[in-house]
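Welcome! Take a look at the structure below, and then follow a visitor and a guide as they talk it through.

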Amino acid sequence: MKHRFLLYFILLVSLAGCKENPPRIRFPEVSGSAVNFIVANDLGRNGYYEQKPIAQIMGYMAEQIDIEMIAAAGDVHHFEGVESVNDPLWLTNYELIYDHPELMIRWNVICGNHEYRGNTQAVLDYSNVSRRWNVPARYYTQVIEAEDGTLCRLLYVDTSPMIDKYRNDSITYPDAHKQDFDIQLQWIDSVLTGSTEKWKIVIGHHPVYADTKKEDSERADMQARLAPVLEKNKVDIYFCGHIHNFQHIQPASSTVNYVVNSAGALARPVRKTDGTVFCSEDPGFTLCSVDASAIRFFFINHKGETIYKYSIIK
């Protein structure tokens, strides 16, 4: 424990020199009655590959816009997850990177495939260590309320066990095959079916539809297993990450907006595919704003620029 605090001190001193004066960035204008949250994922690079500057931009934006929470859609830790709640990666990937005072809010987190390479239980147990880290279960739900009284139902889902690639590799992903995805899908359907909130948002790590060089089998499994539940229950948005770029996809005949949030560090190339409304290879994060009239989401890149915005009105 003594060595852990010494490491914390050394890292704090070294990272302090990385701080810069807030840049002059014009962030999106949102309704004063809206409830706002940030979607961030694919983060854990120990501050490298623009992770630290993007984290600072998240903090600068939170200074100007009231942010309710951070929805962390997996892969907070590259590459082998964490070993325990005492793993130094909690400091270098998270605590000392997202250190802006306005980011000391609740982080609602789910596991990505990289968390599944390590100790997934430690990801849940860290909720008992950090006041802002919130992982009550591998999948869970939350209702947020705008100042105008509008309610939005959010579901945080655990997608790695839904994909056979991970289930069949118990050496690399030891926990994936232990999870019963049928029970989870029944739970998702039950919660969405019983939801009376105006808006429904589901957040997972893996995409259902997207352009990516990753195996087609990943999306085939998601389309066969999760997509029917999303479509049946007329979910407004499915947010995900995993493939390190921005994409907004509306498949033909689908009522769901499939939104891929880019990486908070180290983005990858992308091109248009079937149903693409917008795509960009910039790294960054998404701001989501919800009120009675609309769900609005904004893609914010590593320079603090709003490169895309979209409104869902009903």
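**A first tour**

Guide: His242 is a good place to begin in this predicted model. With a relative accessible area of 1%, His242 is buried.

Visitor: In which loop is the place of His242?

Guide: Two strands frame this residue. Strand S8 covers 237–240 and strand S9 covers 246–249. His242 sits in the loop between strand S8 and strand S9.

Visitor: With which side chains does the side chain of His242 make a polar contact of 3.1 Å or 3.2 Å?

Guide: Residues that His242 touches include Asp42, Tyr166, Lys214 and Arg268. For the polar contacts, the partner at 3.2 Å is His205. The partner at 3.1 Å is Asn113.

Visitor: Let's step back to the whole protein. How does its radius of gyration fit with the globule rule for 314 residues?

Guide: The protein has eight helices and 14 strands. For 314 residues the globule rule gives 20 Å, and the computed value is close to that, so the protein is as compact as a globular protein of that length. The radius of gyration itself is 18 Å.

Visitor: Which residues touch the most other members of the largest nonpolar core?

Guide: In soluble globular proteins, nonpolar side chains tend to be buried together. Here, 59% of the residues count as buried, and the largest nonpolar core has 67 residues. The two that touch the most other members are Met58 and Tyr238.

Visitor: Which helix gives the largest share of this core?

Guide: The share in question is seven residues. They come from residues 51–64, which is helix H2.

Visitor: How many residues are in the second, separate core?

Guide: Among its members are Val39, Trp199, Phe246 and Val290. The size of this second core is 28 residues.

Visitor: Now for the aromatic rings. Is the pair of Phe297 and Tyr310 stacked, edge-to-face or tilted?

Guide: The structure holds 21 aromatic pairs. In this one, the ring centres are 5.7 Å apart and the planes stand at 40 degrees. Planes under 30 degrees apart count as stacked and those over 60 as edge-to-face, with the rest in between. The angle of 40 degrees therefore makes the pair of Phe297 and Tyr310 tilted.

Visitor: How many residues apart in sequence are the parts that this pair ties together?

Guide: Phe297 lies in strand S13, whereas Tyr310 lies in strand S14. Phe297 is buried, and Tyr310 is partly exposed, with a relative accessible area of 25%. Because of where the two residues lie, the pair ties together parts whose separation in sequence is 13 residues.

Note on methods: Residues are numbered from 1 along each chain as its sequence is written. This is a predicted model: local features need pLDDT of at least 70, side-chain atom pairs count only at pLDDT 80 or more; totals for chains, interfaces and linings use all residues. Side-chain values use heavy atoms; hydrogens and water are left out. A nonpolar core is a set of buried Ala, Val, Leu, Ile, Met, Phe, Trp, Tyr and Cys residues joined through side-chain atoms within 4.5 Å. Buried means under 20% relative accessible area, exposed over 50%, partly exposed in between (1.4 Å probe, protein chains only). Helices (H or I, at least four residues) and strands (E, at least two) are DSSP runs, numbered from the N terminus. A polar contact is a pair of N or O atoms within 3.5 Å; within protein, one must be able to donate a hydrogen and the other to accept it, and residues adjacent in sequence count only if both atoms are side-chain atoms. Contact means heavy atoms within 4.5 Å. The radius of gyration is taken over C-alpha atoms; the globule rule is 2.2 Å times the number of residues to the power 0.38. Rings of Phe, Tyr and Trp (its six-membered ring) pair if their centres lie within 6.5 Å; planes under 30 degrees apart count as stacked, over 60 as edge-to-face and the rest as tilted. Lists of a residue's contacts leave out its neighbours within four places in sequence.
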